[in-house]
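Visitor: Could you take me closely through one part of this structure, and then set that part within the whole chain?

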Amino acid sequence: MNLKLDESWKKHLHQHINSNNFKNLVSFVKDEYRNYTCYPRGGLIFQALNCCPLDKVKVVIIGQDPYHNPNQANGLAFSVDENMINPPSLHNIFREIENNFNIKHNKNGDLKRWLDQGVLLLNSTLTVRKNEPGSHQNRGWEKFTDEIIKIISLNKNDVVFLLWGNYAKSKSKLIDDRRHLILMSGHPSPLSANRGLWFGNNHFIKTNKFLVENGMSPINWQ
């Protein structure tokens with residue numbers, strides 16, 4: 001199992017990744033992958049961080065767990081591989097993008113194209129056991145990913161944080177809102193979206209407006 005982490009993150013996480021808490025987490029994850037089917041595959045656990053170094057981060061989208069069904073999780077929050085059917089939350093994200101920009105959206109569910117533009121797609125928990133949602137929660141991943149959020153808040157300026165749903169909103173306390181833009185709404189899941197808590201938040205157009213106003217290139221969400 002490959003747990004290699006990009007140097008730009010490792011430099012700031014040095015103290016945390018040398019703590020007993022993190023060492024216990026790594027031991028737990030290795031045991032889980034050895035004894036059960038877990039997602040994403042080992043080489044993709046840090047895909048979001050490895051493909052979006054700290055200096056590239058312009059936008060952060062926070063998810064909770066990786067997808068727990070076969071062949072879905074690819075290490076990026078809300079993302080699936082290109083040949084997969086898009087899960088309901090991702091489908092609703094694409095619908096909101098269509099509404100924001102009056103475009104027909106690219107239905108490819110692999111969001112690495114966003115990562116390449118500086119959109120960090122960060123799940124709070126980076127691994128999960130097959131068909132057991134939440135099975136790797138409260139084992140240490142949350143402390144690790146909270147450190148990631150704090151590192152961005154302290155070392156960057158003018159980053160847009162998109163916090164969807166109550167769990168993601170709880171992370172707002174880790175972010176300095178004097179230096180960054182925090183946008184919050186309901187979760188894109190059908191349960192939330194069908195209650196009017198997702199559609200119409202205009203987060204994607206608001207994000208691009210903020211980036212342009214602060215001298216950065218907008219995200220091509222398509």
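Guide: Helices and strands are counted here as DSSP runs, of at least four residues (H or I) for a helix and at least two (E) for a strand, and they are numbered from the N terminus. On that basis the protein chain, which is a predicted model, holds 10 helices and six strands. Its radius of gyration is 17 Å, close to the 17 Å that the globule rule gives for 222 residues, so the chain is as compact as a globular protein of that length.

The part to look at closely is helix 5, which covers residues 88–101. With 14 residues at 1.5 Å a residue, helix 5 should span 20 Å, and because its end C-alpha atoms are 20 Å apart, expectation and model agree. Its buried residues are Ser89, Leu90, Asn92, Ile93, Phe94, Glu96, Ile97, Glu98 and Asn100, a list that includes Glu96 and Glu98 as well as Leu90 and Phe94. In an α-helix there are 3.6 residues a turn, so residues three or four places apart point the same way. The buried residues of helix 5 pack against helix 6 (112–115), helix 9 (190–193) and helix 10 (203–213), and also against strand 5. Beyond the end of helix 5 comes Asn102, with a positive phi near 55°.

The contact with strand 5 leads from helix 5 to the sheet. Four strands, in the order 3-2-5-6, form this open sheet, and their pairing is parallel. Strand 3 (119–123) and strand 6 (181–185) lie at the edges, each pairing on one side only, while the twist from one strand to the next averages 20°. Strand 2 (residues 59–63) is joined to strand 3 by five bridges in the parallel sense, and Gly63 has Asn123 of strand 3 as its bridge partner. Helix 7 (residues 141–155) also packs on the sheet, where it touches strand 2, strand 3 and strand 5 (160–164), and its direction makes about 155° with that of strand 3.

For the chain as a whole, the C-alpha atoms fill a box of roughly 45 × 35 × 30 Å along the principal axes, and buried residues account for 53% of the 222 residues. Of the contacts between residues at least 6 apart in sequence, 66% join residues at least 24 apart. The accessible surface comes to about 10500 Å², with 46% of it belonging to carbon and sulfur atoms.

Methods: Residues numbered from 1 in each chain as written. Predicted model: local features only at pLDDT ≥ 70, side-chain atom pairs only at ≥ 80, totals over all residues. Heavy atoms only, no water. Pairing = 2+ DSSP bridges. Axes fitted to C-alpha atoms, helices over the stretch in contact; angles between N-to-C directions. Contact = heavy atoms within 4.5 Å. Expected span 1.5 Å × (residues − 1). Buried < 20%, exposed > 50% of the residue type's maximum accessible area, 1.4 Å probe, protein only. Rg over C-alpha atoms; globule rule 2.2 N^0.38 Å. Areas by Shrake-Rupley, 256 points an atom, 1.4 Å probe, with all protein chains shown as cover.
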